[in-house]
Amino acid sequence: MIAKTFKTPYYAVIFSSVREEGDKGYSEMADAMIDLAHTQAGFLGVESARNELGITVSYWESLDAIQKWREHPAHKIAQKRGKEEWYKKYAVRICKVDSDYFFEK
């Protein structure tokens, strides 16, 4: 699903990852984090895709909202488990979106 287009500027957090084998509770935690993100001030939406490489892009109103999400206690637990159990490697990139456009038939 493509996230709703927002009034610019806004911020995108791009999380690219390569997973370890097996689920080990990952799917349940990922769903819980998406649900929790939806309740956070400044959260605008999310898009995600996974094959060998997983890419999740979350959209935020401000850098402050991103920082608060990064520091959320439940998200910190997920981050720790990610490093210990779920990911072989990952990268996080934060970008300011100055313009966007959307097409739909």
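A nonpolar patch of about 370 Å² sits on the surface of this predicted model, built from L63, Y90, V92 and I94. Strand β4, covering residues 87-97, brings the largest share of the patch, namely three residues. One of the patch residues, Y90, lies in β4. With a relative accessible area of 37%, Y90 counts as partly exposed, because that label covers values between the 20% limit for buried and the 50% limit for exposed.

Where does β4 fit in the sheet? The sheet is open and has four strands, in the order β2-β3-β1-β4, with antiparallel pairing. The edges belong to β2 (43-50) and β4; each has a single partner strand, so one side of each is left without a neighbour in the sheet. On average, neighbouring strands here are turned by 15 degrees against each other, direction ignored.

Now for the pairings themselves. From the edge strand β2, a hairpin of three residues leads into β3. The two strands, with β3 spanning residues 54-60, run antiparallel and are joined by seven bridges. Along this pairing, A49 has I55 of β3 as its bridge partner, while F43 stands opposite W60 in β3. On to the next pair: β1 and β3 are also antiparallel, again over seven bridges, and F15 faces T56 of β3. As for cover, β3 is mostly shielded, with five of its seven residues buried.

Back in β2, there is L44. Its relative accessible area is 24%, so L44 is partly exposed, given that buried would mean under 20%. L44 and Y11 are 33 residues apart in sequence, and their C-alpha atoms lie 9.3 Å apart in space.

That leaves the inside of the model. Which residues have the most contacts within the largest nonpolar core? They are M29, M33, W60, I66, W69 and W86, in a core of 15 residues. At least two core residues come from each of β1 (10-19), α1 (26-37), α2 (63-71) and α3 (73-86). Of the contributors, α1 gives the most, with five residues. W60 thus turns up twice in this account: among the core residues with the most contacts, and in β3 as the residue opposite F43.

Technical notes: Residues numbered from 1 in each chain as written. Predicted model: local features only at pLDDT ≥ 70, side-chain atom pairs only at ≥ 80, totals over all residues. Heavy atoms only, no water. Patch = residues over 30% accessible without salt bridge, like charges linked within 9 Å, V, L, I, M, F, W, Y side chains within 5 Å. Areas by Shrake-Rupley, 256 points an atom, 1.4 Å probe, with all protein chains shown as cover. Salt bridge = Lys/Arg side-chain N within 4 Å of Asp/Glu carboxyl O. Buried < 20%, exposed > 50% of the residue type's maximum accessible area, 1.4 Å probe, protein only. Pairing = 2+ DSSP bridges. Axes fitted to C-alpha atoms, helices over the stretch in contact; angles between N-to-C directions. Core = buried A, V, L, I, M, F, W, Y, C linked by side-chain atoms within 4.5 Å.
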